[in-house]
Amino acid sequence: VQLQASGGGLVQSGGSLRLSCAASGSIFRITFMGWYRQAPGKQRELVAAITTGGSTDYADSVKDRFTVSRDNAKNTLYLQMNSLKPEDTAVYYCNVDVLFTSWSRVSSYWGQGTQVTVSS
């Protein structure tokens, strides 16, 4: 399984970015899909997650600003980030849990990370 993340960049405070993470390979189904971020000197933290059924969860710091979504037909995860703040600056990673068959165990994969920098 390969994960290709894109959409990061440099934006001014208050601006918006949309991240994408496309999964490819012999995938039967993707269950959990999530975005994490890691700022310099800090631990990696969960930003937003979405289940197969569409249930979502967000870190308190991004609620009402970020929206996570997924396209199951394309095995793609999205993160719409609005009202960005300098404290959102970090490397953003996608994480997915994959089933290769209906009876296989879940395997977890990480994307390569995409840099988001918000200037004040």
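In the predicted model, the side chain of Asp-88 makes a polar contact with the side chain of Arg-37, at 3.0 Å. Asp-88 belongs to the loop between S8 and S9. Despite this loop position, Asp-88 counts as buried because its relative accessibility is 0%, the cut-off for burial being under 20%. Leaving aside residues up to four places away in sequence, Asp-88 touches Arg-37, Val-62, Arg-65, Phe-66, Ser-83, Val-116 and Val-118. The polar partner Arg-37 is thus accompanied in this contact list by residues such as Val-62 and Phe-66.

Strand S8, which covers residues 76–81, is mostly covered, with 5 of its 6 residues buried. This strand takes part in an open sheet of 4 strands, arranged in the order S1-S3-S8-S7 with antiparallel pairing. S1 and S7 form the edges of the sheet, each pairing on one side only. Averaged over the sheet, and with direction ignored, neighbouring strands are turned by 15 degrees against each other.

The pairings can be followed across the sheet from S1. S1 and S3 are antiparallel and are joined by 5 bridges; within this pair, Ala-5 stands opposite Cys-21 in S3. Strand S3 (residues 17–24) is in turn joined to S8 by 6 bridges, again in the antiparallel sense, and Ser-20 stands opposite Tyr-78 in S8. On the other side, S8 pairs with strand S7 (residues 66–71) through 6 bridges, also antiparallel. In this last pair, Asp-71 stands opposite Thr-76 in S8.

S7 and S8 form a hairpin with 4 residues between the strands, in which Asn-75 adopts a positive phi near 50 degrees. Ala-73 is also located in the loop between S7 and S8. Ala-73 is classed as exposed because its relative accessibility is 77%, the cut-off for exposure being over 50%. The C-alpha atom of Ala-73 is separated by 19 Å from that of Val-106, a residue 33 positions away along the chain.

The largest nonpolar core comprises 31 residues, and those with the most contacts inside it are Trp-35, Leu-79, Met-81 and Tyr-92. At least two residues of this core come from each of S1, S3, S4 (29–38), S5 (45–50), S7, S8, S9 (90–99) and S11 (114–119). S9 gives the most, with 5 residues. In soluble globular proteins, nonpolar side chains tend to be buried together. Beyond residues up to four places away in sequence, Met-81 touches Gly-15, Ser-16, Leu-17, Leu-19, Arg-65, Phe-66, Tyr-92 and Val-116. Tyr-92, one of these partners, is itself listed among the core residues with the most contacts.

At the edge strand S1, which spans residues 2–6 and contains Leu-3, burial was also examined. Leu-3 is buried because its relative accessible area is 10%, again judged against the cut-off of under 20%. Its contacts, with residues up to four places away in sequence not counted, are Cys-21, Ala-22, Ala-23, Cys-94, Val-96, Tyr-109, Trp-110, Gly-111 and Gln-112. Leu-3 and Leu-77 lie 74 residues apart along the chain, and their C-alpha atoms are separated by 10.0 Å.

Conventions. Residues are numbered from 1 along each chain as its sequence is written. This is a predicted model: local features need pLDDT of at least 70, side-chain atom pairs count only at pLDDT 80 or more; totals for chains, interfaces and linings use all residues. Side-chain values use heavy atoms; hydrogens and water are left out. Buried means under 20% relative accessible area, exposed over 50%, partly exposed in between (1.4 Å probe, protein chains only). Two strands pair if DSSP finds at least two bridges between them. Contact means heavy atoms within 4.5 Å. A nonpolar core is a set of buried Ala, Val, Leu, Ile, Met, Phe, Trp, Tyr and Cys residues joined through side-chain atoms within 4.5 Å. A polar contact is a pair of N or O atoms within 3.5 Å; within protein, one must be able to donate a hydrogen and the other to accept it, and residues adjacent in sequence count only if both atoms are side-chain atoms. Axes are lines fitted to C-alpha atoms, for helices over the stretch in contact, and angles run from 0 to 180 degrees between N-to-C directions.
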